[in-house]
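This report describes a protein structure chain by chain and element by element. The sequence and the coordinates come before the text.

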Number of protein chains: 2
Amino acid sequence: MARGTLFIIPITIADTELSQVLPSHNTEVIKPIRFFAVEKIKTARQFLRKMDREFPIDDSTFYEQDKHDDYSYQKEVIRHLLDGQDVGLISESGYPAVADPGYLIVAEAQRNGVKVVPLVGPSSLLMALAASGMNGQGFTFNGYLPVKEPDRSKQLQFIIGLVQKTSFSQIFIETPYRNEVIFKDFIKHCPSDMKVCVALDITGPNETIVTQSIADWKKNPFRFDKTPCVFILGV
Amino acid sequence: MARGTLFIIPITIADTELSQVLPSHNTEVIKPIRFFAVEKIKTARQFLRKMDREFPIDDSTFYEQDKHDDYSYQKEVIRHLLDGQDVGLISESGYPAVADPGYLIVAEAQRNGVKVVPLVGPSSLLMALAASGMNGQGFTFNGYLPVKEPDRSKQLQFIIGLVQKTSFSQIFIETPYRNEVIFKDFIKHCPSDMKVCVALDITGPNETIVTQSIADWKKNPFRFDKTPCVFILGV
């Protein structure tokens, strides 16, 4: 029997119309799918309903990523794929499997020789990098810095050294309530000519993507609210 | 006078309908723009005509990135932005300013305090990474390996060491006629349990995104044609 396909299904980042950030083609691909591997069931259902008010949510099956690092749910998802059913992967926001644990189910699909097809959609990392004006020909996504000292300062200083040595852009995310903290860490540890890009509310009504030197940021400090934010260090 | 906005305008990667890979919203944003900073004028014109057969190409101005590293064209683009005119940035394929020199004009816009707005569209790097099943929570884009030995082997061995030490995914591109060469380099230098993702013709009719260990690739060698390809090393 032919195997199913694992479709990577991006969703909105901010509270926008789907037509602002998703190609119309995605709807045609998603409509026949009845099995979903998701980060949060509630978010996935909301997206499907927004995409198509008639979407048969009650006839669909949702497998939620287990929060306790027990990925037994993967077995059921892979079973559907090997049985010939298509599965959609949906994360909590934006592009699945990048900056979220969704890549683990994709890895399992690849191990089983299942076809994986990525659809087009918004990625705050990619859009922040492109709009930052920082080096787009060499860059690293570091995820989160360690929360505790001295690991946090040590790791940040190591990465600042990489920027100086390689000129690769260094991308970070932070939980929104800690945006102020990471920004102050940059101010504290980076040399004054190093550049920091702050990218917040990507695709949303308050979208702001500003790149300045540490010296300039010191003159005009930034007021964060609790919006999801991408930070980039570079030259 | 209010400044213009620099819009980052992604285009298709493969020969597909625009509705497959671009949100319909992009067309509304692009239609009023009459100034474009582009990697190749021909590609940009073709895209605009495909988007809107009535697009006033002859009333639009195109600034082509200078191939000789003399970025004097940037001055004219920035002048338009400071004069209050919007400018669109278009690369030769896919997402501008990521894996192409377009980021230099974005940097100049940021230095001049110009607003930069990224639209949504396809990025072969991002889509390859998501579909590879490799670590999406830490990754580096390395661009091209050095062409000449011994630099090439030395750099590749350094990056293989990073994969083993950090488990960050390592992304590469190569000019299509050298796809075989870089793949053989991976086979030669990587330990047999390291994974290689080969992602070719992303969004196109022959899209193939396969992740296997070096040991498995040795059993089933890959036949490349001259298609643009993204390569990822990981665990």
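## Model and overall make-up

Chain A contains nine helices and 10 strands; helices (H or I, at least four residues) and strands (E, at least two) are DSSP runs, numbered from the N terminus. This is a predicted model, in which local features need pLDDT of at least 70, side-chain atom pairs count only at pLDDT 80 or more, and totals for chains, interfaces and linings use all residues. Residues are numbered from 1 along each chain as its sequence is written, while chains are lettered from A and ligands numbered from 1 in the order in which they are written.

The mean pLDDT of chain A is 95, with 97% of its residues at 70 or more; pLDDT is the predictor's confidence in each residue, from 0 to 100. For the model, ipTM is 0.96 and pTM is 0.96. Along the principal axes, the C-alpha atoms of chain A fill a box of roughly 60 × 35 × 30 Å. Chain A has 235 residues, of which 43% count as buried. A residue is buried if 20 or more other C-beta atoms lie within 10 Å of its own, exposed if 12 or fewer, and partly exposed in between, with C-beta atoms placed from the backbone. Of the contacts in chain A with a separation of 6 or more, 75% join residues 24 or more positions apart; two residues are in contact if their C-beta atoms, placed from the backbone, lie within 7 Å.

## Domains of chain A

Chain A is divided into domain 1 (5-118) and domain 2 (124-234), with bounds that come from an automatic or database domain assignment. The C-alpha centres of domain 1 and domain 2 of chain A are 29 Å apart. Nine residues from domain 1 of chain A and nine residues from domain 2 of chain A make the contact. On the domain 1 side of chain A, the touching residues are five nonpolar, three polar and one charged. Here Ala, Val, Leu, Ile, Met, Phe, Trp, Tyr, Cys and Pro count as nonpolar, Asp, Glu, Lys and Arg as charged, and the others, Gly among them, as polar.

## Elements within domain 1

Strand E1 (residues 5-8) of chain A runs parallel to E5(A), and four bridges join the two; strands pair if DSSP finds at least two bridges between them. One of the partnerships is between A:Thr5 and A:Lys115 in E5(A). Side chains alternate along strand E5 (residues 115-118) of chain A: A:Val116 and A:Pro118 are buried on one face, while A:Lys115 and A:Val117 point to the other and are not buried.

Helix H5 (residues 103-111) of chain A has as its buried residues A:Tyr103, A:Ile105, A:Val106, A:Ala107, A:Ala109 and A:Gln110. A:Gly113, just after H5(A), has a positive phi of about 70°.

## How the two chains meet

Chain B superposes on chain A by a rotation of 180° with 0.0 Å of shift along its axis (RMSD 0.0 Å). The two copies are thus related as by a two-fold rotation axis. The superposition is by least squares on the C-alpha atoms of residues with pLDDT of at least 70 in both copies.

In the interface, 43 residues of chain B are in contact with 43 residues of chain A. Elements of chain B that each supply at least two residues to this side include helix H5 (103-111), helix H6 (124-132) and strand E6 (139-141). The side of chain B that touches chain A has 26 nonpolar, 16 polar and one charged residues. The copies meet through the same surface, because 100% of the interface residues of chain B are also interface residues in chain A.

Strand E6 (residues 139-141) of chain A pairs with E6(B) in the antiparallel sense over three bridges, and A:Phe139 has B:Phe141 as its bridge partner in E6(B). In H6(B), nine of the nine residues are buried, so this helix is largely enclosed by the rest of the structure. B:Gly133 follows H6(B) and has a positive phi, near 80°.

## Unusual backbone geometry

Most residues other than glycine have a negative phi, and most peptide bonds are trans. The peptide bond from A:Glu149 to A:Pro150 is cis, with omega near 5°, and A:Pro150 sits in the loop between E6 and helix H7 (151-166) of chain A. In chain B, the bond from B:Glu149 to B:Pro150 is cis, with omega near 5°.

A:Ala97 is not a glycine, yet has a positive phi of about 75°. A:Ala97 is in the loop between strand E4 (87-90) and H5 of chain A, and counts as buried with 30 C-beta neighbours inside 10 Å. B:Asp201, also not a glycine, has a positive phi of about 55°. B:Asp201 lies in the loop between strand E8 (195-200) and E9 of chain B, and is partly exposed, with 17 other C-beta atoms within 10 Å.
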